[in-house]
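This report introduces a protein structure to a reader who has not met it before. The sequence and the model are shown first.

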Amino acid sequence: MNFILAVNEYKITLLFYSLVFLIVYLNRNKFDVHGKFIFLYRTKIGVNLMDTIANKARRLIKFLGYLGVLIGFLGMVFTFIMILWLTYKLILDKSVGGASPVIPGLPIAGTGLVFPLITGWIVLFIIILVHEFSHGIVASAHNIKVKNSGIAFFGPILGAFVEPDEKSLSKKRHWIQHSIFAAGAFSNFLTVGAVLLIAFLILNPLGSLLSVSTGVIIFSQPDLPAEKAGIVNNTVVTGINDKEISTIDDFREIMEGIGPEENIILKSNEEAYTVTTTVDPEGSSQGYLGVWIIGEKTELKNDNAMNAFLFKIIGWFNQFFGWLGFLSLNIGLINLLPIFITDGARMLKISLERLIPDRNRSISIWLFFNWVSVFSLLILVFLPLFRWLSSILNGILI
């Protein structure tokens with residue numbers, strides 16, 4: 001029954017991906033196929049534009065490329081340590097969330113959030129375009145020919161690529177190679193900065209002119225106090241105990257004064273919930289509800305047709321830039337994690353080969369870091385699924 005409901009709920013998404021897969025399959029002769037499910041379509045689109053931009057701003061692009069190397073290695077170390085830490089916490093604590101692929105039109109496991117189909121594809125297209133275009137521009141700035149650009153499909157999932165001349169690239173000094181590989185992730189981080197500027201300088205001021213905050217939207221985390229109290233996703237909290245809440249700052253300020261094992265009343269417009277806080281897994285003395293704060297509920301100050309139209313437009317842009325910033329950051333970080341095919345893996349390989357003269361030893365160390373990353377990601381993705389299936393089986397057996 002649950003399967004049938006899921007099919008009905010996501011039938012448009014399933015139809016969309018079926019059509020994408022069908023189109024790719026019917027045109028498979030135009031693609032280079034790798035591993036039976038990776039389809040590459042090579043073009044020259046954008047190659048001349050990469051050269052033009054590189055020629056007009058060569059010094060700036062080289063400077064940003066070298067800066068990207070520093071940011072790239074810091075990001076690699078941060079992501080590797082973070083993945084190990086999250087894996088360690090997940091193994092020890094069943095309440096800790098794992099990792100999940102983010103696919104437009106489908107829910108993100110463990111969050112209750114659905115990544116919008118059309119908005120999601122627009123966001124991913126922009127992120128991929130910026131990422132790959134940056135590789136090509138930095139390569140062109142160092143007089144490395146970009147042979148092809150193109151799109152890739154991993155099954156029905158969209159990707160993109162640029163192909164610099166590998167022979168020419170391999171002859172360049174190591175810091176140049178690093179700058180080309182780091183360019184994609186660095187451009188994703190710059191995108192996050194641009195998103196924050198747009199939000200704080202344009203969207204937030206426009207939104208405050210048209211609307212006023214009336215509550216905080218929360219999602220309940222699985223098996224934690226809020227969910228156990230019956231709080232469902234998209235609940236709008238308007239008060240805690242006897243204090244009113246309209247903004248996220250209000251919510252956080254009140255929660256700072258509440259400790260573990262306290263009974264509190266969370267109020268919405270429809271209902272009041274009694275929640276018993278638990279210990280914060282991050283180790284602070286503050287009580288823990290087990291919720292994600294999604295945003296603020298807003299209402300129009302002056303409810304007329306023009307304001308309502310502008311309010312919807314601003315709402316869509318808020319959603320769009322929110323996803324763009326969130327995914328740009330995560331895709332940039334994951335791309336720096338050494339997992340064989342990533343830019344981070346290539347950067348690490350070049351560094352180890354320079355630091356360790358014995359090639360066999362450098363390759364062994366490189367493989368170690370890659371396999372640790374791969375197994376950590378597999379644990380983060382599949383251990384929560386395994387635990388969920390185990391709980392279902394135990395329920396059936398009991």
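The following paragraphs treat the nonpolar cores, a pair of strands and two individual residues.

The structure is a predicted model.

**The nonpolar cores**

The largest nonpolar core comprises 30 residues, and Met50, Val146, Ile180, Leu336 and Met347 touch the most other members. Two or more residues of this core come from each of helices H3 (47–56), H4 (58–92), H5 (117–141), H7 (174–210), H10 (305–336) and H11 (343–355). With seven residues, H7 gives the most to this core.

Leu336 illustrates how such a core member is surrounded. Residues up to four places away in sequence being left aside, Leu336 touches Gly72, Gly75 and Met76, together with Ala185 and Phe189, and also Gly344 and Met347.

A second core, separate from the one above, has 18 residues, among them Ile218, Ile248, Leu266 and Val275. In soluble globular proteins, nonpolar side chains tend to be buried together.

**Strands S9 and S10**

Val275, a member of the second core, also belongs to the covered face of strand S10 (residues 272–276). Tyr273 shares that covered face, whereas Ala272, Thr274 and Thr276 make up the uncovered one. Strand S9 (residues 263–267) runs antiparallel to S10 and is joined to it by five bridges. The two strands form a hairpin, with four residues between them. Within this pairing, Ile265 stands opposite Thr274 of S10.

**Two partly exposed residues**

Phe21 is located in helix H2 (residues 11–26), and Val212 in strand S5 (residues 211–220). Phe21 counts as partly exposed because its relative accessibility is 43%, a value between the limits of 20% and 50%. Val212 likewise counts as partly exposed, because its relative accessibility is 40%.

Each of these residues has a partner that is distant in sequence, as the table sets out.

| Residue pair | Separation along the chain | C-alpha to C-alpha distance |
|---|---|---|
| Phe21 and Ile157 | 136 residues | 8.8 Å |
| Val212 and Leu300 | 88 residues | 6.5 Å |

Which residues are in contact with Val212, when its neighbours within four places in sequence are left aside? They are Lys297, Thr298, Glu299 and Lys301.

Key
Residues numbered from 1 in each chain as written. Predicted model: local features only at pLDDT ≥ 70, side-chain atom pairs only at ≥ 80, totals over all residues. Heavy atoms only, no water. Core = buried A, V, L, I, M, F, W, Y, C linked by side-chain atoms within 4.5 Å. Buried < 20%, exposed > 50% of the residue type's maximum accessible area, 1.4 Å probe, protein only. Contact = heavy atoms within 4.5 Å. Pairing = 2+ DSSP bridges.
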